[in-house]
Amino acid sequence: MPRHSETKYRLVTMFQRRLNALVRRLPGHTLLETTGRTSGLPRRTPVGGRRVGDAFWLVSEFGERSQYVRNIKADPRVRIRLHGHWHTGTAHLLPDDDPLTRLRTLPRMNSMAVRTVGAGLLTVRVDLAD
């Protein structure tokens, strides 16, 4: 990875760790819960995306470098908190989906942030069971 991209990744993830600790506490924010691939503990990450029918779509701004994507690769069973209610589901990583096109269908503010800070975008679809 080029030095600029690595520096950007480190700065953004440092900022996100602090911000996410606050955002996770907000009742109306969408959360993705994965199982930690090493610890086995639940890991909650604020995400932006949209529910379409029985699926929730999002784009990971750092693709397979994102910790929640690494957790999904180890165990695709996840939960999503939407509008204060938890839903179980199975996450699918979609490297063949065009993430920039997908971002146009997702909430505008989050999509703008993902495009601005992202590198190596990756589409994720969560098939909801309930």
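The charged end of Arg-79 lies over the ring of Trp-86, at 4.2 Å from the ring centre. This contact, like everything described here, belongs to a predicted model. A second arrangement of this kind involves Arg-102, whose charged end is placed over the ring of Trp-57, 3.7 Å from its centre. Pairs of aromatic rings, on the other hand, number 0.

Arg-79 also leads into the charge pairs. Its side chain meets that of Glu-33 in a salt bridge, with 2.8 Å from N to O. Glu-33 belongs to strand β1 and Arg-79 to strand β5 (residues 77–82), so this salt bridge ties together parts of the chain that are 46 residues apart in sequence. The two partners can be set against each other by accessibility: Arg-79 has a relative accessibility of 27% and counts as partly exposed, while Glu-33, at 11%, counts as buried. Glu-33 falls in the buried class because its value is under the 20% limit.

Glu-33 has another partner in Arg-44, and in that salt bridge the closest N and O atoms are 2.6 Å apart. Here the link runs between strand β1 (residues 31–35), which holds Glu-33, and strand β2 (residues 42–46), which holds Arg-44; the two residues are 11 apart, and the pair links distant parts of the chain. Arg-44 is partly exposed, with a relative accessible area of 37%. Taken together, Glu-33, Arg-44 and Arg-79 form a network of salt bridges. Side chains of opposite charge can pair when their charged atoms come close.

How many salt bridges does a search of the whole structure find? The search gives 7. Among them is a bridge between Lys-73 and Glu-64, whose closest N and O atoms are 2.8 Å apart. Glu-64 counts as partly exposed, at 44% relative accessibility.

The strands named so far sit within a protein chain that has 4 helices and 7 strands. Along the sequence, these elements follow the pattern α-β-β-β-β-α-β-β-α-α-β. The protein chain has 130 residues, and 39% of them count as buried.

Strand β5, which contains Arg-79, also contains Arg-77. Arg-77 is exposed, its relative accessible area being 60%. The C-alpha atom of Arg-77 is separated by 7.9 Å from that of Thr-35, a residue 42 positions away along the chain.

The loop between β5 and β6 (85–94) holds His-83. What is the phi of His-83? The angle is near 50°, a positive value in a residue other than glycine. Most residues other than glycine have a negative phi. His-83 is exposed, with a relative accessible area of 72%; it is placed in this class because the value is over 50%.

Two further residues, Gly-48 and Ala-55, bring other parts of the chain into the picture. Gly-48 is placed in the loop between β2 and β3 (49–52). Is Gly-48 buried or exposed? With 16% relative accessibility, Gly-48 counts as buried. Between the C-alpha atoms of Gly-48 and Ser-111 there are 7.7 Å in space, against 63 residues in sequence.

Ala-55 is part of strand β4 (residues 55–60). Its relative accessible area is 9%, and Ala-55 is buried. Across 34 residues of chain, the C-alpha atoms of Ala-55 and Gly-89 are separated by 8.6 Å.

The last feature is a pocket. The second largest pocket has a volume of about 170 Å³. It is lined by 12 residues, and those closest to its centre are Thr-30, Gly-49, Phe-56, Leu-82 and Pro-107. Which classes make up this lining? The second largest pocket is lined by 7 polar, 4 nonpolar and 1 charged residues.

Conventions: Residues numbered from 1 in each chain as written. Predicted model: local features only at pLDDT ≥ 70, side-chain atom pairs only at ≥ 80, totals over all residues. Heavy atoms only, no water. 1 Å grid on protein atoms, 1.4 Å probe; cavity = no way out; pocket = protein on both sides within 12 Å on 5 of 7 lines; lining within 4 Å. Points joined across faces, edges and corners; volume = space filled by probe spheres on them. Nonpolar A, V, L, I, M, F, W, Y, C, P; charged D, E, K, R; others polar. Phe/Tyr/Trp six-rings, centres within 6.5 Å; stacked < 30°, edge-to-face > 60°. Lys NZ or Arg CZ within 6 Å of the ring centre and 35° of its normal. Salt bridge = Lys/Arg side-chain N within 4 Å of Asp/Glu carboxyl O. Buried < 20%, exposed > 50% of the residue type's maximum accessible area, 1.4 Å probe, protein only.
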